[in-house]
Amino acid sequence: MNSKALPRQLNNIEVGVYECEIHLKFRLVEEKSLLGDREQLMQVLLDALTEGSDDFLEMLQASVKAQEVSEFKASPQMRRQLMRLRNAVDTNQ
């Protein structure tokens, strides 16, 4: 899955690496064939969640945890992105 961060103002923002854990439980009315393709299922689920509850989606439970971790736990690509963000913040100040 390819994701991009939302554009933000870079005024006095500290960036870090976070581990995020999301547990969702819901009921969804959907085609049975979709359950075989994990990537497509994930996209449909995310789309349904962003649209909100309706006649096809019933949210039962949701919990979210996020905690900052050492940047050394991140991949080299993510660490490079972190350095780019920090440099962008430094040049804008």
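**Exercise 1.** In this predicted model, classify Glu 71 as buried, partly exposed or exposed, and identify the residue whose side chain meets that of Glu 71 in a salt bridge.

*Solution.*
- Step 1. The relative accessible area of Glu 71 is 26%. Buried would require under 20% and exposed over 50%, so Glu 71 is partly exposed.
- Step 2. The salt-bridge partner is Arg 86, with an N to O distance of 2.9 Å.
- Step 3. Glu 71 sits in the loop between S2 and helix H2 (76-92), while Arg 86 belongs to helix H2, so the pair ties together parts 15 residues apart in sequence.
- Step 4. Arg 86, at 32% relative accessibility, also counts as partly exposed.

**Exercise 2.** The model has 2 salt bridges by the rule used. Determine which elements are joined by the one between Glu 58 and Arg 27.

*Solution.*
- Step 1. The closest N and O atoms of Glu 58 and Arg 27 are 3.3 Å apart, and the cut-off is 4 Å.
- Step 2. Glu 58 is in strand S2 (residues 57-69) and Arg 27 in strand S1 (residues 17-28), so this pair ties together parts 31 residues apart in sequence.
- Step 3. Glu 58 has a relative accessible area of 42% and is partly exposed; Arg 27 is partly exposed at 48%.

**Exercise 3.** Describe the setting of Thr 50.

*Solution.*
- Step 1. Reading from the N terminus, the elements follow the order β-α-β-α.
- Step 2. Thr 50 is found in helix H1 (residues 38-51).
- Step 3. Its relative accessibility is 66%, so Thr 50 counts as exposed.
- Step 4. A polar atom of the Thr 50 side chain lies 2.8 Å from the backbone oxygen of Asp 47.

Methods
Residues are numbered from 1 along each chain as its sequence is written. This is a predicted model: local features need pLDDT of at least 70, side-chain atom pairs count only at pLDDT 80 or more; totals for chains, interfaces and linings use all residues. Side-chain values use heavy atoms; hydrogens and water are left out. Helices (H or I, at least four residues) and strands (E, at least two) are DSSP runs, numbered from the N terminus. Buried means under 20% relative accessible area, exposed over 50%, partly exposed in between (1.4 Å probe, protein chains only). A polar contact is a pair of N or O atoms within 3.5 Å; within protein, one must be able to donate a hydrogen and the other to accept it, and residues adjacent in sequence count only if both atoms are side-chain atoms.
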